[in-house]
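Visitor: I would like to learn how to read a structure like this one, feature by feature. Could you take me through it with care?

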Amino acid sequence: MNPIFTILEFGGVQRPIGNFGIMLAVAMLVAAVVATRAASRGGIDSGSAIAAAGFTAAGALFGASFLYHVVEFFRTGSVSGAFATQGIVFYGAPIGGALALYFTAPRLGLPLGRFLDLAVPGIPMAHAMGRLGCFFGGCCFGRPYDGPFSVQYTHPLAPAAQESVFRHAVPLYESALLLMLAALLMFWPKRRVGSGEHVGVYLAVYAVIRATTETFRGDGVRGVWFGVSTSQWISIGMFLVGVWLLQRARRPLPSPA
């Protein structure tokens, strides 16, 4: 659980390479590979799928960073406080990525619904890698807990080590659950690919995962409103959208003319 993977030195200047950054890069690569391979097997042009993955990744990074600053603005009450630190909030990633894909897919000739249903297993796979980065970096840590599977951070750069006590290994909890969700999506029946069913399953199940793991979190910088964290509020909306997509996908298919 060391936030620093290695330190590079060029011309007398040292540049630390963080484990979180490495895992984030791995996560983006995993998502792109899974999405493009699934799309290709589903009969979608590989070049268009690769381009879509690039635009989606850029939108996801922007959205995750933007939402972090929004949360910090409401937490600190000032613009300067909002930009005093840098970070990302995961829920901004699917929002930003979805918007980027929505606007670029028509220009790339992609069938948006079919591409999303085929590519969606890549999201929890990549997210699981990102949560491993959180674990190594000591962020998104759990509340104090001295029991089975508890962890203790000691590295001075790890936020969780500000009070070096045993804690819930929340990033590992979520990473394991995300891999299970990815497996569920990969083996979900493909009869209605393009109906939004697979995306609905992802949204509904991950909303439950996130709302649950949030109860074990111990970091106070993620924003809490009326006793409910920002991510839990978003989880409620995400769950409702997922259920709506599932209901919509299960409507009888129109009869051929």
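Visitor: Let me begin with one residue: does Phe 149 count as buried or exposed, and what is the relative accessibility behind that label?

Guide: Two remarks on provenance come before the answer. This is a predicted model, in which local features need pLDDT of at least 70 and side-chain atom pairs count only at pLDDT 80 or more, while totals for chains, interfaces and linings use all residues. Residues are numbered from 1 along each chain as its sequence is written, and side-chain values use heavy atoms, with hydrogens and water left out. As for the general idea, buried means under 20% relative accessible area, exposed over 50%, and partly exposed in between, with a 1.4 Å probe and protein chains only. Phe 149 has 71% relative accessibility and therefore counts as exposed.

Visitor: Where is Phe 149 found, and what is its phi?

Guide: Phe 149 is found in the loop between H6 and E3; such labels refer to DSSP runs numbered from the N terminus, with helices being H or I of at least four residues and strands being E of at least two. The phi of Phe 149 is positive, near 70°, in a residue other than glycine. Cys 140, in the loop between H6 and strand E3 (151-152), also is not a glycine and has a positive phi of about 50°. Cys 140 counts as buried, because its relative accessibility is 18%.

Visitor: How many residues does helix H6 have, and what span does it reach?

Guide: For a helix, the expected span is 1.5 Å times one less than its number of residues. Helix H6, covering residues 122-137, has 16 residues and reaches 23 Å from its first C-alpha to its last, close to the 22 Å expected. Of these 16 residues 13 are buried, so H6 is largely enclosed by the rest of the structure. After H6 comes Gly 138, whose phi is positive, near 80°.

Visitor: How should I read separation in sequence against separation in space, and which residues is Ile 234 in contact with, apart from its neighbours within four places in sequence?

Guide: The idea is to set the two distances side by side, with contact meaning heavy atoms within 4.5 Å. Ile 234 is found in helix H9 and, leaving aside those neighbours, is in contact with Leu 67 and Tyr 91. The C-alpha atoms of Ile 234 and Ala 207 are separated by 8.1 Å, although the two residues are 27 residues apart along the chain. With a relative accessible area of 24%, Ile 234 is partly exposed.

Pro 94, found in helix H4 (residues 92-108), is 34 residues from Ala 60 in sequence and 6.0 Å from it in space, C-alpha to C-alpha. Pro 94 counts as partly exposed at 26% relative accessibility. Arg 251, by contrast, lies in the segment after helix H9 (230-249), and is 104 residues from Gly 147 in sequence and 47 Å from it in space, C-alpha to C-alpha. Arg 251 is exposed, its relative accessible area being 52%.

Visitor: What radius of gyration does the protein have, and what would a compact globule have with 257 residues?

Guide: The radius of gyration is taken over C-alpha atoms, and the globule rule is 2.2 Å times the number of residues to the power 0.38. A compact globule of 257 residues would have a radius of gyration near 18 Å, and the protein has 19 Å, which agrees. Along its principal axes, the C-alpha trace of the protein spans about 65 × 50 × 40 Å.

Visitor: What share of the residues is buried, and what share of the contacts with a separation of 6 or more comes from residues 24 or more positions apart?

Guide: Buried residues make up 42% of the 257 residues, and residues 24 or more positions apart account for 65% of the contacts with a separation of 6 or more. The protein, which has nine helices and six strands, exposes about 13700 Å², with carbon and sulfur atoms supplying 70% of this area, where accessible areas come from the Shrake-Rupley method with a 1.4 Å probe and, for residues, only the protein chains shown count as cover.
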